[in-house]
Amino acid sequence: MLNEFVYCPRLFYYEWVEGLFAESADTVEGALRHAKVDKGPTAFPTPEAAAQAEERIHSRSLTLSSERHGLIAKIDLVEADGGLVCPVDYKHGAPRQGDEAPELWDTDRAQLAAQALVLRDNGYRCDEAIVFYVATRQRVRLPITDELLAQTAALVQKARALAASGQIPPPLDHSPKCPRCSLVGICLPDETRFSAEVEIVDDSAPAAEQLTLFTELPATPGRAAPAEVRRLVPARDDLRPLYLNTPGLRVGISGGVLQIKDKDQLLQEIRLADINQLNLFGHIQLTTQALQALCADDIPVAYFSMGGWFYGLTRGHSLKNIFLRREQFRKADLPWFCLQLARALVAGKIQNQRTMLQRNHVEPPAPVLAALKNLVAQARAAESLNALRGIEGHASHLYFAHFAGMIKLSEDPPGPSAIAYQPSAIPGPQDASVPAANALSAIRYQPSAIPEATQPCSGDKLSPAGCAPTSQPARKPTRESAQFTFDFINRNRRPPRDAVNALLSLAYAVLAKDLAVTALAVGFDPYLGFYHQPRFGRPALALDLMEPFRPLIADSAVLSAINNRMITPGDFLQAGPAVALKPEGRKAFFRAYEQRMDTLVTHPLFNYRVNYRRVLEIQTRLLARYLTGEIPRYTPFVTR
Ligand code: SF4
């Protein structure tokens, strides 16, 4: 851990104090190299025996500790010769190129010095340590001096004090170390510094120091937040969610591969390494062995009813971040904090609803856009959560009253006659406060593009319900189609009573699940929210987080599924008062939803492009920063 502290104090804090760890290409390669040389521990002589040994002795995988310094050293190899011992460590990379000869990296120097400290503390004579760099097959020696050991002991104290402080250090400032750091996706260094704005201005503060152990670097002058935020994480994840929604399927596992069977017939095999979620709709059986493997790989399993009701999640016990949850519980008890955050979330949602209408409505209703703009301002100044709920409800009435204007089916000839609504039915500025829920009937017009260009999605290989190419052909209506239409009057639910509402309910359930999964991965308790109040079984924080994303992801996926004819009226069935999707229709909807999730979008704050799934994670991590006080405010995601 000392080398992590030297690399970056924040990295040390994440790994040592918060117990976070993530693999990177470097860590995987390093572990493989160590596994090659680690043949299991071998005997090592006592200090007295080592001092008198006449032959050179090699001991591998030696673990020693020093109570005085509070250190445990795991040493790849120790050579004992002529009364002296020498620790040898294997590194998969190359040494630093010095002016005269190859040199040790500062992190390696710290690690070897700590090993020497422990050896000396156990009574051995140690005057030299060696690192063997595998990439260049070079040995680089480190003379062990009293000065070096004193500096190392001081460094240990410094690391210990940081761990005890309970204060995570700020991220390094535009450091070239960050792109190689395994925790860069968790740390979000540039985003955190940018969001902290002028709060982080002095890099000479001890906690922000870029430790170089024994090299004197010129002090970094104090500066404001970085002007440019680097995108240090991939724009999209290679892993995909897997959806299964055929009742009666059985999911087992064999050698890290999920096997999906219908009775005894094997339908499909999917590697665990290719998925990041398993979503089960209805009665699908999962073997204990498969569930254990999913938990071990930290792949959450989400359960839904056939109607799309989100029952809950199973995941492995990788929740270690008690510090974040402690802050979450503390802040959720502060009414002013809840109101401040809820204002931002609701204002973001209304702003995005307005943008949706502006971009997608057949004839964007100016008075409604003005009313929504006004409601954004009201939400930002709401005096209580109850007042905010009223503002949110009012905005939703206006938005859904005009939602039909965004449904544009291609079978009707374009032209004024195809438009079934009367602009005069839209409330004017003077009556914008009156919900106009019944003012519109369905609008059929030419197909429209969804705001950001959709990207081809490579998930089809995972599942018949995985992602589909954007060029997927429109599906033909069936004879049963006549029973259902995509006419939309208003939002209704529990149960949804028409086709569009059935799609919207499913979209919100799947989005809530995605945000519950993301909240858990970041370290939150998804059941404790700030705007949505706790209720048994309700993922209140996920519902909070999803407010600004409802229009951008869920509504947009629904409109895309209808307008691009990925879903047809024949995909629905009547179940009592409820309208629900048939399995084929659900499958088609998941394609539309995953396409939307995979759409690249420019982050309005950081100005780089990532897909929506990545945006959900970034926003959730920013909320964590806000809760722990690292950034002064939470800015919701809004599209321009
Ligand atoms: S990403 Fe950069 S600032 Fe963050 S922990 Fe890694 S090295 Fe430190």
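The legends below describe close-up views of a predicted model.

**View 1. An open sheet of four strands with mixed pairing**
The 4 strands of this open sheet follow the order β8-β12-β14-β15, and their pairing is mixed. Strands β8 (240-244) and β15 (310-314) stand at the edges, where each has a single partner strand, so one side of each is left without a neighbour in the sheet. From one strand to the next, the twist averages 20 degrees. Strand β14, which covers residues 301-304, runs antiparallel to β15 and is joined to it by 4 bridges. Within this part of the sheet, phenylalanine 304 stands opposite phenylalanine 310, a residue of β15. Strands of a sheet pair in general through backbone hydrogen bonds, and the pairing may be parallel or antiparallel.

**View 2. Two helices that lie across strands of the β8-β12-β14-β15 sheet**
Helix α9, made of residues 288-296, lies across β12 (275-281), β14 and β15, and its direction makes an angle of about 125 degrees with β14. Helix α14, made of residues 499-522, lies across β8, β12, β14 and β15, and runs at about 25 degrees to β15.

**View 3. A second open sheet, in the order β11-β10-β9-β13**
This open sheet is formed by 4 strands, again with mixed pairing. Its edge strands are β11 (265-271) and β13 (285-286), each of which pairs on one side only. Strand β9, residues 249-254, pairs with β13 in the parallel sense over 2 bridges, and valine 251 has leucine 286 in β13 as its bridge partner. Helix α9 also has a place in this view, since α9 lies across β9, β10 (257-262) and β13 and runs at about 60 degrees to β9.

**View 4. Two hairpins, one of β9 and β10 and one of β10 and β11**
Strands β9 and β10 pair in the antiparallel sense over 6 bridges, and in this pairing glycine 252 has glutamine 259 of β10 as its bridge partner. The hairpin of β9 and β10 has 2 residues between the strands, and glycine 255 takes a positive phi near 55 degrees. Strands β10 and β11 likewise run antiparallel and are joined by 6 bridges, with aspartate 262 standing opposite glutamine 265 in β11. In the hairpin of β10 and β11, 2 residues lie between the strands, and lysine 263 in the turn has a positive phi of about 55 degrees.

**View 5. The hairpin of β16 and β17**
Strand β16, residues 572-575, and strand β17, residues 578-581, pair in the antiparallel sense over 4 bridges. Alanine 575 stands opposite alanine 578, which belongs to β17. Between the two strands there are 2 residues, and glycine 576 in the turn has a positive phi of about 65 degrees.

**View 6. Helix α17, a mostly covered helix**
Helix α17 runs over residues 583-597 and has 15 residues. From its first C-alpha to its last, α17 reaches 21 Å, which is close to the 21 Å expected at 1.5 Å a residue. Of the 15 residues in α17, 13 are buried.

**View 7. Helix α18 packed with helix α16 and crossed by helix α14**
Helix α16 (residues 549-563) and helix α18 (residues 612-627) pack at an angle of about 155 degrees, and their axes are 12 Å apart. Angles over 145 degrees count as roughly antiparallel, and α16 and α18 are therefore roughly antiparallel to each other. The crossing in which α16 passes α18 is left-handed. In it, Phe549, Leu552 and Ile553 of α16 meet Tyr612, Val615, Leu616 and Gln619 of α18.
The axes of α14 and α18 come within 10 Å and cross at roughly 50 degrees, and these two helices are therefore oblique to each other. Helix α14 passes α18 in a right-handed crossing. Among the residues that make this contact are Leu511, Leu515 and Thr518 of α14 and Arg613, Leu616 and Thr620 of α18.

**View 8. Proline 171 in the loop between α6 and α7**
Proline 171 lies in the loop between α6 (146-165) and α7 (184-187). Buried means under 20% relative accessible area, and proline 171, with a relative accessible area of 1%, is therefore buried. Although proline 171 and cysteine 187 are 16 residues apart in sequence, their C-alpha atoms are 7.5 Å apart in space.

Terms used:
Residues are numbered from 1 along each chain as its sequence is written. This is a predicted model: local features need pLDDT of at least 70, side-chain atom pairs count only at pLDDT 80 or more; totals for chains, interfaces and linings use all residues. Side-chain values use heavy atoms; hydrogens and water are left out. Two strands pair if DSSP finds at least two bridges between them. Axes are lines fitted to C-alpha atoms, for helices over the stretch in contact, and angles run from 0 to 180 degrees between N-to-C directions. Contact means heavy atoms within 4.5 Å. The expected span of a helix is 1.5 Å times one less than its number of residues. Buried means under 20% relative accessible area, exposed over 50%, partly exposed in between (1.4 Å probe, protein chains only). Angles under 35 degrees count as roughly parallel, over 145 as roughly antiparallel, 65 to 115 as roughly perpendicular and the rest as oblique. A crossing is left-handed if the near helix is turned anticlockwise from the far one by less than a right angle, and right-handed if clockwise.
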